[in-house]
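Work through the following exercises with the structure open, trying each task before reading its solution.

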Amino acid sequence: MKKIEAIIKPFKLADVRKAIVLCGAKGLTVTEVKGIGNQMGHVELSTDFDDMADLVPKLKLDIVIKDDLVQPCVEAIEKVAKTGKIGDGKIFVSDIEQVVRIRTSERDQDAL
């Protein structure tokens, strides 16, 4: 199992959600986040770390998925989230060691 974390522009959520369902994902978690990244070839960092005015609103999607569905899902997210402009986001893929469905105590693949 893998976890896909995608940071996307908020207005792309509906398109990305449809795309991941079509590629076989059974669920996702969406979190509102703010951050900064590379802009115009340089990193824009504020010297005042208490000032959050420069942070850009994004959405973070967490998707846990079977290994064989990872590549199609990543490609689907990339395709529909892309605007070609700075700030389109990032996709991270990592290993998941264990999943437990609390209600039924199902484990791993059965818990997805």
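**Exercise 1.** Find which residue of S6 is the bridge partner of Ala 6, and place that pair in its sheet.

Solution. In this predicted model, Ala 6 has Ile 91 as its bridge partner in S6, where strands are DSSP runs (E, at least two residues) numbered from the N terminus. Six bridges join strand S1 (residues 2-8) to S6, and the two run antiparallel; two strands count as paired if DSSP finds at least two bridges between them. The open sheet consists of four strands with antiparallel pairing, in the order S2-S5-S1-S6. Strand S2 (29-35) and strand S6 (90-95) stand at the edges with a single partner strand each, so one side of each has no neighbour in the sheet.

Residues are numbered from 1 along each chain as its sequence is written. Local features need pLDDT of at least 70, side-chain atom pairs count only at pLDDT 80 or more, totals for chains, interfaces and linings use all residues, and side-chain values use heavy atoms, with hydrogens and water left out.

**Exercise 2.** Determine which strands helix H1 and helix H2 lie across.

Solution. Helix H1 (residues 13-22) lies across S1, S2 and S5, and runs at about 10° to S5. Helix H2 (residues 70-81) lies across S1, S5 and S6, and runs at about 5° to S1. Helices are DSSP runs (H or I, at least four residues), contact means heavy atoms within 4.5 Å, and the angles, from 0 to 180 degrees, are taken between N-to-C directions of axes fitted to C-alpha atoms, for helices over the stretch in contact.
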